[in-house]
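You asked for a colleague's reading of this model, with attention to its charged side chains. My comments follow as numbered points, to be read beside the structure.

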Amino acid sequence: MTMNVAKALIFLTFLTFTALVQAQESEPVDPIANYSQEQLEREVLAVDNAMFDAAFGGCDAELLKKVFPDDHEFYHDIAGAQHDSEEYWIGLFSEDFCKYKPIKRELVEGSHEVYPMHNYGALVYGENRYYVKNKEGEYELDDTGKYMHLWRLNDGQWELTRAISYDHQPPTDMTP
């Protein structure tokens with residue numbers, strides 16, 4: 001083997017290695033690639049339920065700060081689109097729901113589904129019943145609604161980036 005052929009082979013090997021390294025660096029890492037469906041459902045439903053509990057019942061601003069990123073968007077069939085900051089959502093839940101209008105949320109059993117969103121996180125679909133306190137201080141059914149949440153897994157932390165709340169029905173329109 002001549003010196004020029006050996007140099008060419010070394011150079012081609014270097015180029016191939018460099019191309020492989022660059023390809024690995026440029027390809028996004030799928031944060032849920034190693035998740036089983038069971039693990040994904042368990043984790044996402046846990047954080048989804050914790051978010052609802054923190055927002056409506058627990059008044060846990062610290063948890064809400066973790067799950068509401070600055071690019072969070074919320075769409076509601078009655079209130080409309082909301083693209084406000086993390087501070088807005090924490091203030092809304094802390095002031096309105098925790099102090100003045102306590103709401104209890106109940107999951108409709110069997111209504112929740114979790115779908116993987118590769119290279120991003122997961123989509124959750126579900127139905128809720130919402131209860132508010134009456135004059136006697138007891139919770140009574142106020143309405144039901146459906147929701148879809150798009151959760152992003154970002155450096156091991158689940159973030160609620162998009163929320164759609166729709167098909168709200170008052171108690172008179174609900175079937176038992």
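**Notes on a predicted model**

1. Asp 142 is partly exposed, its relative accessible area being 36%. In this predicted model, Asp 142 belongs to strand β6, which covers residues 139–154. On the surface, Asp 142 gathers with Glu 136, Glu 138 and Glu 140 in a patch of negative charge. Because a patch takes in residues with over 30% relative accessible area and no salt bridge, the 36% of Asp 142 satisfies the area requirement.

2. Before the individual contacts are discussed, the confidence of the prediction deserves a word. The protein has an average pLDDT of 79, and 70% of the residues score at least 70. Among the elements of the protein, the lowest mean pLDDT, 53, is that of helix α1 (residues 3–26), whereas strand β4 (residues 113–117) has the highest, 96. Where pLDDT is low, the predicted coordinates should not be read in detail.

3. How many salt bridges does the structure hold? There are 6 salt bridges in the structure, and the points below take up several of them.

4. One salt bridge joins the side chains of Arg 42 and Glu 38, at 3.4 Å from N to O. Both residues lie in helix α2 (residues 37–58), where they are 4 residues apart, or about one turn of the helix. Arg 42 is exposed, and Glu 38 is exposed as well.

5. The side chains of Glu 73 and Arg 162 also meet in a salt bridge, with an N to O distance of 3.4 Å. This pair links distant parts of the chain, since Glu 73 is in strand β1 (residues 73–76) and Arg 162 is in strand β7 (residues 157–169), 89 residues apart. Arg 162 is partly exposed, with a relative accessible area of 26%.

6. A further salt bridge connects Arg 129 with Glu 106, whose closest N and O atoms are 3.0 Å apart. Here too the pair links distant parts of the chain, with Arg 129 in strand β5 (residues 121–133) and Glu 106 in strand β3 (residues 103–107), 23 residues apart. Are these two side chains buried or exposed? Arg 129 is partly exposed, at a relative accessible area of 30%, and Glu 106 is likewise partly exposed, at 30%.

7. Finally, Asp 71, Arg 152 and Glu 159 should be examined as a group, for they are linked in a network of salt bridges.

Note on methods: Residues are numbered from 1 along each chain as its sequence is written. This is a predicted model: local features need pLDDT of at least 70, side-chain atom pairs count only at pLDDT 80 or more; totals for chains, interfaces and linings use all residues. Side-chain values use heavy atoms; hydrogens and water are left out. Patches are made of residues with over 30% relative accessible area and no salt bridge: like charges are joined within 9 Å, nonpolar side chains (Val, Leu, Ile, Met, Phe, Trp, Tyr) within 5 Å. Accessible areas come from the Shrake-Rupley method with a 1.4 Å probe; for residues, only the protein chains shown count as cover. A salt bridge is a side-chain nitrogen of Lys or Arg within 4 Å of a carboxyl oxygen of Asp or Glu. Lys and Arg count as positive and Asp and Glu as negative; His and the chain ends are not counted. The place of a charge is taken as NZ of Lys, CZ of Arg, CG of Asp or CD of Glu. Helices (H or I, at least four residues) and strands (E, at least two) are DSSP runs, numbered from the N terminus. Buried means under 20% relative accessible area, exposed over 50%, partly exposed in between (1.4 Å probe, protein chains only). pLDDT is the predictor's confidence in each residue, from 0 to 100.
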